[in-house]
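User: Please take a close look at how the side chains pack in this structure, moving from one spot in a loop to the interior. I am a first-year student, so please explain each term when it first comes up.

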Amino acid sequence: EEALAAFRSNLIDRFGEIPTETEQLLETIKLRQIAKKIGLEKIILKQEKMICYFTTNQKSNYYNSDTFTKVLSYIQTNPRNCKMSEKNNKLRLIYSNMTSISQAIEGLLPVL
């Protein structure tokens, strides 16, 4: 996160005000970093939904980790915000009413 802030600062110093598209790209990097900490392999944002995919290896130690336990605990205490489902042997976490990358970040931060 510090490296991303430094990169953003360098962009401003060199080019001036950052365009909205570039800000969104920087937010995407932040979202990926958070997802990686949680143990997510892939995130899709479309049609006001965020679909987060966990590791496809069902025998992974991740599913016995404290991180995964925290994810399950969050889902149980916030059933309106998100739900977990399985499709095509892929475990996924689904959030509704996600219209921006910033909202997606805010949705994942409590899981950490």
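Analyst:
**From a loop to the core**

If neighbours within four places in sequence are left aside, Ile 18 is in contact (heavy atoms within 4.5 Å) with Arg 8, Leu 11, Ile 12, Glu 23 and Leu 26. The model is a predicted one, in which local features need pLDDT of at least 70 and side-chain atom pairs count only at pLDDT 80 or more, while totals for chains, interfaces and linings use all residues. Residues are numbered from 1 along each chain as its sequence is written, and side-chain values use heavy atoms, with hydrogens and water left out.

Ile 18 has its place in the loop between helix H1 (2–15) and H2, where helices (H or I, at least four residues) and strands (E, at least two) are DSSP runs numbered from the N terminus. Although it belongs to a loop, Ile 18 counts as buried because its relative accessible area is 12%; buried means under 20%, exposed over 50% and partly exposed in between, with a 1.4 Å probe and protein chains only. Lys 46 comes 28 residues away from Ile 18 in sequence, and their C-alpha atoms are 25 Å apart in space.

Where, then, is the largest nonpolar core, and which residues have the most contacts inside it? This core, a set of buried Ala, Val, Leu, Ile, Met, Phe, Trp, Tyr and Cys residues joined through side-chain atoms within 4.5 Å, has 23 residues, and those with the most contacts inside it are Ile 38, Phe 54, Val 71, Leu 93, Tyr 95 and Leu 108. Two or more residues of the core come from each of helix H2 (20–38), strand E2 (49–54), helix H3 (66–77), strand E4 (90–96) and helix H4 (101–108). Taking Leu 108 and not counting residues up to four places away in sequence, one finds that Leu 108 touches Leu 31, Ile 34, Ile 38, Leu 40, Ile 43, Met 50, Cys 52 and Tyr 95.

Cys 52 appears again in the surroundings of Leu 91, a residue of strand E4, since Leu 91, apart from its neighbours within four places in sequence, is in contact with Cys 52, Tyr 53, Phe 54, Tyr 63, Phe 68, Met 84, Ser 85 and Glu 86. By contrast, Asp 13 is 78 residues from Leu 91 in sequence and 43 Å from it in space, C-alpha to C-alpha.

Cys 52 itself is buried, because its relative accessible area is 0%, and Cys 82 is buried with 4%. The closest cysteine sulfur to that of Cys 52 belongs to Cys 82, at 8.8 Å, which is too far for a bond. The structure accordingly holds zero disulfides, a disulfide being a pair of cysteine sulfur atoms within 2.5 Å.

Stepping back to the whole protein chain, there are four helices and four strands, which run α-α-β-β-α-β-β-α from the N terminus on. The C-alpha trace spans about 45 × 30 × 25 Å along its principal axes, and buried residues make up 31% of the 112 residues. Of the contacts with a separation of 6 or more, 50% involve residues 24 or more positions apart. As for pLDDT, the predictor's confidence in each residue from 0 to 100, the chain has a mean of 91, with 100% of its residues at 70 or more; among the elements, H1 has the lowest mean (91) and E2 the highest (95).
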